[in-house]
Amino acid sequence: MTATLFSLTFAVAAPFWALMILLPRWAWTARIIASPLVVLPVVVIYALLVLPAFGDVLPAVASPTLTGVRDLLGTSDGAAAGWAHMIAFDLFVGRWAWLDSRDRGVPALVMAPVLLLTILLGPLGLAAYLAVRTRWRPPVAATEPQHLG
């Protein structure tokens, strides 16, 4: 079952990445990606992997040591759970960057390599987007104070 869940992890996330990268201007992409629930399938896989081993996982993450984390991730179950963890967070970060880039008017051709970097090396993709977004102003509504009348 672990191998199947490992294989499913990216498979259930890939369609959302494809929408953001290949069909960024399609109206349905915006509607689908607007929901934070796009990460839910990966979160379910993560839960299926982690909850049965919760007794082993909790001590390793509550008081982490290099040896403890290595031992946890050094098993098939641990590696599959680690993979699901990374895919879920990478997708959530990619989703945020894509939505934020649309609000700022960042061109899709600029975002495509940033999103690919986020898929492959999550935190470096986030760093790339944080650098990219400085070149585009936030939307006017986000920078003006809101007045209640």
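## Working through an all-helix chain

Leu-37 sits in the loop between helix H2 (27-33) and helix H3 (40-50). Keep that residue in mind, since it comes back in Exercise 2. The model you're looking at is predicted.

**Exercise 1. Work out what the chain is built from and check the span of helix H6.**

Step 1: Start with the elements. The chain has eight helices and zero strands, so from the N terminus on the order reads α-α-α-α-α-α-α-α.

Step 2: Look at the overall extent. Along its principal axes, the C-alpha trace spans about 50 × 30 × 30 Å.

Step 3: Now take helix H6, residues 76-104, which has 29 residues. The expected span is 1.5 Å times one less than the number of residues. For H6 that gives 42 Å, and the end C-alpha atoms are 41 Å apart, so the two agree.

Step 4: See what follows the helix. Right after H6 comes Gly-105, with a positive phi near 80 degrees.

**Exercise 2. Decide whether Leu-37 and Val-44 are buried, partly exposed or exposed, and find the patch they belong to.**

Step 1: Recall the cut-offs: buried is under 20% relative accessible area, exposed is over 50%, and partly exposed is in between.

Step 2: Apply them. Leu-37 has 57% relative accessibility, so Leu-37 is exposed. Val-44, which is found in helix H3, has 42%, so Val-44 is partly exposed.

Step 3: Find the patch. Leu-37 and Val-44 join Met-1, Leu-40, Val-43 and Leu-48 in a nonpolar patch on the surface, and together the patch has about 570 Å² of accessible area.

**Exercise 3. Find out which helices build the largest nonpolar core.**

Step 1: Here's the general idea: in soluble globular proteins, nonpolar side chains tend to be buried together.

Step 2: Pick out the best-connected members. The largest nonpolar core has 30 residues, and those touching the most other members are Trp-17, Met-20, Leu-49, Leu-91, Met-111, Leu-115 and Tyr-129.

Step 3: Sort the core by element. Helix H1 (2-22), H3, H6 and helix H7 (108-132) each give two or more residues to this core. H6 supplies the largest share, with eight residues.

Step 4: Zoom in on Leu-49. Leaving out residues up to four places away in sequence, Leu-49 touches Thr-2, Leu-5, Ala-80, Ala-81 and Ala-84.

Step 5: Zoom back out. Of the contacts in the chain with a separation of 6 or more, 73% are between residues 24 or more positions apart. Buried residues make up 31% of the 149 residues.

**Exercise 4. Track down the salt bridges and show which residues form a network.**

Step 1: Again, a general idea first: side chains of opposite charge can pair when their charged atoms come close. The count for this chain is three salt bridges.

Step 2: Take Arg-70 and Asp-71, whose closest N and O atoms are 3.2 Å apart. Arg-70 is exposed at 53% relative accessible area, while Asp-71 is partly exposed at 45%.

Step 3: Move to Asp-100 and Arg-104, which pair at 2.9 Å. They're four residues apart in helix H6, so about one helical turn separates them. Both are buried.

Step 4: Add Arg-133, which meets Asp-100 in a salt bridge at 2.9 Å, N to O. Arg-133 lies in the loop between H7 and helix H8 (140-143) and Asp-100 lies in H6, so this pair ties together parts 33 residues apart in sequence.

Step 5: Put it together. Shared partners join Asp-100, Arg-104 and Arg-133 into one network of salt bridges.

Technical notes:
Residues are numbered from 1 along each chain as its sequence is written. This is a predicted model: local features need pLDDT of at least 70, side-chain atom pairs count only at pLDDT 80 or more; totals for chains, interfaces and linings use all residues. Side-chain values use heavy atoms; hydrogens and water are left out. Patches are made of residues with over 30% relative accessible area and no salt bridge: like charges are joined within 9 Å, nonpolar side chains (Val, Leu, Ile, Met, Phe, Trp, Tyr) within 5 Å. Accessible areas come from the Shrake-Rupley method with a 1.4 Å probe; for residues, only the protein chains shown count as cover. A salt bridge is a side-chain nitrogen of Lys or Arg within 4 Å of a carboxyl oxygen of Asp or Glu. Buried means under 20% relative accessible area, exposed over 50%, partly exposed in between (1.4 Å probe, protein chains only). Contact means heavy atoms within 4.5 Å. A nonpolar core is a set of buried Ala, Val, Leu, Ile, Met, Phe, Trp, Tyr and Cys residues joined through side-chain atoms within 4.5 Å.
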